[in-house]
Amino acid sequence: MKRLTKNDQTLDAIDRALLVALHQNARASIRALSRQVGLSAPGCSERLKRLEVAGVISGFSVELDAQALGFALQALVRVKPLTGNFQTVEQLLSDMPECIVCYKITGEDSFVCHLYTHSVNHLDQTLQKITPLADTNTSIIKTVEKKLPLF
């Protein structure tokens with residue numbers, strides 16, 4: 001089996017097609033994927049294994065519908081901890097169930113968090129946990145457009 005290595009991670013057109021197909025439907029069978037990318041099922045399986053071993057594919061996951069789960073509102077919150085509160089804010093954000101993704105960033109702010117809440121009131125209650133320790137700037141997400149990976 002040809003291996004991708006950290007020094008030579010070149011993807012060919014079939015690898016890219018396989019990744020796009022998986023991105024569209026990670027539950028597709030090997031047989032369906034192989035038809036889609038023009039390989040035999042064993043060849044497709046070998047490609048997938050090679051991509052996993054190389055770390056190109058780090059896992060397969062389920063995508064949940066936040067609204068179906070009762071989370072009607074999403075927001076991006078930029079967080080700038082007040083002096084001396086960086087680690088406390090970092091831990092607070094890490095422990096906060098409403099925070100589904102939190103990026104530690106450079107620049108004016110220290111974090112950008114993606115929050116899921118049930119309502120504006122729930123968002124306010126969530127922000128009230130942060131504001132004694134940090135300045136925040138909140139943007140409510142109106143729509144989400146998904147893009148295929150660029151490679």
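Student: Why is Val144 called exposed?

Tutor: Happy to start there. In this predicted model, Val144 has a relative accessible area of 56%. The cut-off for exposed is over 50%, so Val144 qualifies. This valine belongs to the segment that follows strand 4. Between the C-alpha atoms of Val144 and Gln74 the distance is 9.8 Å, although 70 residues separate the two in sequence.

Student: What makes Arg50 buried?

Tutor: The relative accessible area of Arg50 is 8%. Buried means under 20%, so this arginine counts as buried. Arg50 sits in helix 3, which spans residues 41-53.

Student: And what makes the pairing of the Arg50 and Asp15 side chains a polar contact?

Tutor: The distance joining the two side chains is 3.0 Å. A polar contact needs an N or O pair within 3.5 Å, with one atom able to donate a hydrogen and the other able to accept it. The Arg50 and Asp15 side chains therefore make a polar contact.

Student: How do you know that Cys99 is too far from the closest cysteine sulfur for a bond?

Tutor: The closest sulfur belongs to Cys113 and is 4.0 Å away from that of Cys99. A disulfide needs two cysteine sulfurs within 2.5 Å, so this pair does not count as one. Searching the whole structure gives zero disulfides.

Student: Are Cys99 and Cys44 buried or exposed?

Tutor: Cys99 has a relative accessible area of 13%, and Cys44 has 0%. Each value is under 20%, so Cys99 is buried and Cys44 is buried.

Student: How do you know which side of helix 5 its buried residues are on?

Tutor: The residues in question are His122, Leu123, Thr126, Leu127 and Ile130. They span an arc of only 135° around the axis, so they lie on the same side of helix 5. Their packing partners are strand 1, helix 4, strand 3 and strand 4 (134-140).

Student: Which residues have the most contacts inside the largest nonpolar core?

Tutor: They are Val79, Val89, Leu93, Cys113, Leu115 and Ile130, in a core of 16 residues. At least two residues each come from strand 1 (73-81), helix 4 (86-95), strand 3 (111-117) and helix 5 (120-130). Strand 1 gives the largest share, with four residues. Looking beyond neighbours within four places in sequence, Leu93 touches Val79, Cys99, Cys102, Phe111, Cys113 and Ile130. A second core, separate from this one, has 11 residues, among them Leu19, Leu22, Ala28 and Leu33.

Student: What makes strand 1 and strand 3 a pair?

Tutor: Seven bridges link strand 1 and strand 3 in the antiparallel sense. Pairing takes at least two bridges, so these strands pair. Ala75, for example, has Leu115 of strand 3 as its bridge partner.

Student: How many bridges join strand 1 to strand 4?

Tutor: Seven bridges join them, and the strands run antiparallel. Here Val79 is bridged to Thr136 of strand 4.

Student: What makes strand 2 and strand 3 a pair?

Tutor: Strand 2, residues 99-104, has five bridges to strand 3, again antiparallel. With at least two required, these strands therefore pair too. Val101 has His114 of strand 3 as its bridge partner. The hairpin of these strands has six residues between them, and its Gly107 adopts a positive phi near 105°.

Technical notes. Residues numbered from 1 in each chain as written. Predicted model: local features only at pLDDT ≥ 70, side-chain atom pairs only at ≥ 80, totals over all residues. Heavy atoms only, no water. Core = buried A, V, L, I, M, F, W, Y, C linked by side-chain atoms within 4.5 Å. Buried < 20%, exposed > 50% of the residue type's maximum accessible area, 1.4 Å probe, protein only. Contact = heavy atoms within 4.5 Å. Arc of directions from axis to C-beta.
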